[in-house]
Amino acid sequence: MSIPNILSKPSRPIFVAATRQHVGKTSVSLALCAGLQKRFDKVGFLKPVGQQHLTVHSTSLDAEVRVDKDVKLIKQHFKLDHLDYAWMSPVIIPPGYTRDYIDGLVSKNEQMESIHTAFNHQNAASDVMLLEGTGHIGVGSCVNANNAQVASMTGSDMVLVANGGVGSAYDDLSLNYNMCLANNVRVAGVVINKVKPDKYEQTKKYMSALLRDNWGVPLLGCVPDKPFLGCPALADLERLFATRLLAGEEHRMRHYNVTEINLVTTSLGRFLENLRVKPTRTMYVTHVTRNDIILGFLGEYQRKMAEGAEFEAALVLCGRKPRYDLFPELKDMIKSLNAPVLHVSKSTYKAMETIQFFTPKLNIDDTSRVGQAIDHYEPFIDFDTLLRRTTARSASSFDLPDDMNVGKKKRW
């Protein structure tokens with residue numbers, strides 16, 4: 001396997017990996033891609049190892065291929081027309097893949113060659129390469145294709161993403177940083193994400209000091225939390241519960257704050273009172289047998305529509321099918337009013353718990369959240385430092401940039 005030709009590029013490949021799941025790795029990748037497009041004509045993108053996948057059409061192969069869901073998001077949103085799906089997601093790990101690998105049904109050499117070939121295709125067509133890993137640095141180890149191994153093979157510099165805070169975030173970073181070192185992967189910098197606004201300056205100050213003094217690594221970004229990005233749309237709940245809205249499909253991309261979901265166990269009168277005093281975009285959860293609540297919701301919905309008033313509430317009905325189901329007449333009323341109502345085949349307790357612990361993922365259909373993620377993250381990324389680090393050819397210019405020497409404490 002030949003070494004990828006990266007020396008002809010102005011910047012080494014940039015590999016984004018996280019310290020764990022749900023820390024905003026894809027949001028950082030979106031922001032990086034947006035910023036790089038402002039600085040380079042052609043940005044390449046590769047998801048070397050993916051898990052959640054979908055089927056798309058490859059123009060060069062004139063065939064359907066499987067790609068990680070983030071590949072479709074990045075390619076379509078940024079209009080990366082110079083890239084072909086055939087070379088954007090070389091290794092997909094569906095259920096059973098690990099067993100096949102251990103049983104010898106999947107070859108390590110073929111697997112890594114697929115990544116190598118895909119990288120070379122994308123690298124040749126692009127001015128700069130952005131790679132997005134899967135989960136934390138160690139994900140993929142049992143098939144010998146973890147993020148650090150792939151970054152090393154492609155000659156990439158690493159950007160590590162961790163959730164806000166100082167102590168626990170640095171502990172998580174240490175584990176992942178040391179795995180990078182063990183695989184001879186340079187760490188270009190760190191992005192701390194979802195930082196509480198009241199802890200922002202403190203987090204930025206102390207995390208910068210820790211990274212600088214202990215590793216000689218800069219804090220490339222300290223991103224304050226934006227709660228909207230964690231708010232699921234009705235379409236996310238459709239996927240989560242493997243169901244469809246009974247009506248109101250045009251509202252599928254309407255987002256709701258999960259911390260303000262209301263479980264309705266009260267009387268109809270109290271429910272109607274809440275409908276009129278709570279924020280108009282509130283999600284209500286109740287059991288499918290509460291016909292009074294359903295009729296009350298539909299009545300209020302109809303009244304608001306007749307007045308031309310804003311009414312963005314949604315109703316989630318719970319109850320395991322087929323034991324619990326809506327009366328046909330109620331279904332007809334919901335559809336005639338086109339009210340956003342969802343029926344999930346779970347108990348109210350389980351449905352509430354599932355929603356509250358759910359982390360919605362960015363996808364190409366949710367243009368509002370994708371756009372807001374880019375607009376929120378990109379201004380907080382220090383692209384000048386990132387590109388200076390990734391264009392450094394020597395260890396001295398990479399590890400000890402001028403602005404990090406001041407006040408540096410030696411820990412070794």
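A residue counts as buried when its relative accessible area is under 20%. In this predicted model, Arg 369 sits at 0% relative accessibility, so it falls on the buried side of that cut-off. Arg 369 belongs to helix H13, and its surroundings are easy to list. Leaving aside residues up to four places away in sequence, Arg 369 touches Phe 228, Leu 229, Cys 231, Pro 232, Ala 233, Asp 236 and His 255, along with the run Pro 360, Lys 361, Leu 362 and Asn 363. With Lys 361 there is also a polar pairing: a polar side-chain atom of Arg 369 lies 3.3 Å from the backbone oxygen of Lys 361. Leu 275, on the other hand, is 94 residues away along the chain, and its C-alpha atom is 26 Å from that of Arg 369.

Now for the pockets. The largest one holds about 1,000 Å³ of space. Its lining takes in 42 residues, with His 22, Lys 194, Thr 359, Pro 360 and Lys 361 closest to the centre. Helix H13 (367-377) gives two or more residues to this lining, and so do helices H1 (25-37) and H2 (69-77) and strands E7 (128-136), E9 (187-195) and E10 (219-224). Sorted by class, the lining comes to 13 nonpolar, 18 polar and eleven charged residues.

The second largest pocket has a volume of about 420 Å³. Here 17 residues make up the lining, and those nearest the centre are Gln 52, Lys 69, Arg 239, Lys 361 and Asn 363. Strand E4 (53-58), H2 and helix H8 (234-241) each supply two or more of the lining residues. By class, this lining splits into seven nonpolar, four polar and six charged residues.

Terms used: Residues are numbered from 1 along each chain as its sequence is written. This is a predicted model: local features need pLDDT of at least 70, side-chain atom pairs count only at pLDDT 80 or more; totals for chains, interfaces and linings use all residues. Side-chain values use heavy atoms; hydrogens and water are left out. On a 1 Å grid over the protein atoms alone, a cavity is a set of points where a 1.4 Å probe fits but cannot get out, and a pocket is an open set with protein on both sides within 12 Å along at least five of seven lines; lining residues have an atom within 4 Å of a point. Grid points are joined across faces, edges and corners, and a volume is the space filled by probe spheres set on the points. Helices (H or I, at least four residues) and strands (E, at least two) are DSSP runs, numbered from the N terminus. Ala, Val, Leu, Ile, Met, Phe, Trp, Tyr, Cys and Pro count as nonpolar, Asp, Glu, Lys and Arg as charged, and the others, Gly among them, as polar. Buried means under 20% relative accessible area, exposed over 50%, partly exposed in between (1.4 Å probe, protein chains only). Contact means heavy atoms within 4.5 Å. A polar contact is a pair of N or O atoms within 3.5 Å; within protein, one must be able to donate a hydrogen and the other to accept it, and residues adjacent in sequence count only if both atoms are side-chain atoms.
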